[in-house]
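The following questions and answers concern the structure shown below. Please read them alongside the sequence and the model.

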Amino acid sequence: MIAVTTGTVLLATACAGEPSQSADGTTTVRISQAFQSLLYLPLYVAQENGYFEEQGVTVDIATGGGGTQSWTAVLGGSADFSIQDPVFVPKFHENGGPGVVVAAIQNAPSVFVIGRDGGNATLDDPSVFEGKKVAVSPQPDTSWAFMKYLIDQKGIKDVTMVNVALGSELAAVAGGQADLALSFEPTVSQAVVDQGLKVVYSFPANPDWFPFAFSSLTTTKDYLQENRDAAQGVVTAIAKASRFIYADPDATIEIAAQYFPDLSRDVVAAAVQREIEAKGYAEDVTVTRESWDRNMEIALFTKNIAAYPSDATSYENNVNTELAGRAREIVEVG
């Protein structure tokens, strides 16, 4: 989750248009992901297992380089869907823009805390932070927002947040600049497997934070109206992939390794298993009201949105559950 900037990007308008057909008769769908990320593993599993083709769509995956870029690709018509923090949709609604969230990709607040000493067995005891220096990315990025909100929520005392460049949080622990660091997969597993550090706190393990609409599949209402079958195919394929991840972790790890060849298989396996244990991948891809509320609470806290609830940010005006509901029926029957 990062601060959202608008401005000239709001001048872009979504271009739904007629869907293009592939040579095999399937409909071509373009998905822009913010980053290539283990958090988006259902997308890769659906691609590699042929689930998109089963549903009559051929998916072209592009990487935007950030949530703003991926969502702007949809608004500008160079992508049909994007995957990123769903906060972009209500933020743009507040500024008169379009958008709708149609499926959950990452359903947990997948931020973990690394240190040299272990936490308690359940990894949800916030007292681990007391008297510690904690490395976070700069305000208002995700790790800063999560840590600041947790401190306020739980009244944790004597915590010093050390702002470091994004991606250098673990180096701050290794160099003695901080006692703990907030990070994401696969960096967390690299620290555990390669550096011998420990996970001492898990935001997904804290019941106050789960479920959480962390990463979602987003598009526009115009696209849904003009490409209903293709949209349903995409959501159904991702729903099937999400179920597969839990049913066959070993095969899932093999797919993940293909997409992250620079990581050791031990790191990939540990990262995927940690996400499975955290229930990060959405077994049911419906974005629930509870998960939406939690995202909006943080978004309001970081001033990414102006108000919640409001017409622009409400669950009803941002989330379409019909495609996910139909996908659940198809997957359960099939």
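Helices (H or I, at least four residues) and strands (E, at least two) are DSSP runs, numbered from the N terminus. This is a predicted model in which local features need pLDDT of at least 70 and side-chain atom pairs count only at pLDDT 80 or more, whereas totals for chains, interfaces and linings use all residues. Residues are numbered from 1 along each chain as its sequence is written, and side-chain values use heavy atoms, with hydrogens and water left out.

Q: In which helix is Thr252 found?
A: Thr252 is buried, with a relative accessible area of 0%; buried means under 20% relative accessible area, exposed over 50%, and partly exposed in between (1.4 Å probe, protein chains only). Leaving aside residues up to four places away in sequence, Thr252 touches Leu41, Val45, Phe244, Ile245 and Val272, where contact means heavy atoms within 4.5 Å. The helix that holds Thr252 is H10, residues 249-259.

Q: Which residues of helix H1 are buried?
A: Helix H1 covers residues 41-48 and is mostly covered, with 6 of its 8 residues buried. Just after H1, Gly50 takes a positive phi of about 75°. The buried residues of H1 are Leu41, Pro42, Leu43, Tyr44, Val45 and Ala46.

Q: How far apart are the end C-alpha atoms of helix H11?
A: The buried residues of H11 include Val267, Val272 and Ile276, and H11 is followed by Lys279, whose phi is positive, near 55°. The expected span of a helix is 1.5 Å times one less than its number of residues, so the 13 residues of H11 (265-277) should span 18 Å. The end C-alpha atoms agree with this, as their separation is 18 Å.

Q: What is the strand order of the open sheet of 5 strands?
A: Two strands pair if DSSP finds at least two bridges between them. The pairing in this sheet is mixed, and the edge strands, S8 (160-163) and S10 (198-202), each pair on one side only. Neighbouring strands are turned by 30° against each other on average, direction ignored; axes are lines fitted to C-alpha atoms, for helices over the stretch in contact, and angles run from 0 to 180 degrees between N-to-C directions. The order is S8-S7-S9-S6-S10.

Q: Which residue of S9 is the bridge partner of Ile114?
A: Strand S6 (residues 112-115) and strand S9 (residues 180-183) run antiparallel and are joined by 4 bridges. Within S9, the partner of Ile114 is Ala181.

Q: At about what angle does helix H5 run to S8?
A: Helix H5 (residues 142-154) lies across strands S7 (133-136), S8, S9 and S10. The loop between S7 and H5 contains Pro140, and the peptide bond from Gln139 to Pro140 is cis, with omega near 5°. The angle of H5 to S8 is about 170°.

Q: How many residues of strand S11 are buried?
A: Ser215, Leu217 and Thr219 point one way from S11, while Ser216 and Thr218 point the other way, and all are buried. Strand S4 (residues 81-84) pairs with S11 in the antiparallel sense over 3 bridges, and strand S5 (residues 100-106) does so over 5 bridges. S11 (residues 215-219) is therefore largely enclosed by the rest of the structure, the buried count being 5 of the 5.

Q: Is Lys303 buried or exposed?
A: Lys303 lies in the loop between helix H12 (289-301) and helix H13 (315-318). Lys303 has a positive phi of about 65° although it is not a glycine. At 67% relative accessibility, Lys303 counts as exposed.

Q: What is the radius of gyration of the protein chain?
A: The secondary structure of the protein chain comes to 14 helices and 11 strands. The globule rule, 2.2 Å times the number of residues to the power 0.38, is compared with a radius taken over C-alpha atoms. For 334 residues the rule gives 20 Å, and the chain's value is close to this, so the chain is as compact as a globular protein of that length. The radius of gyration is 19 Å.
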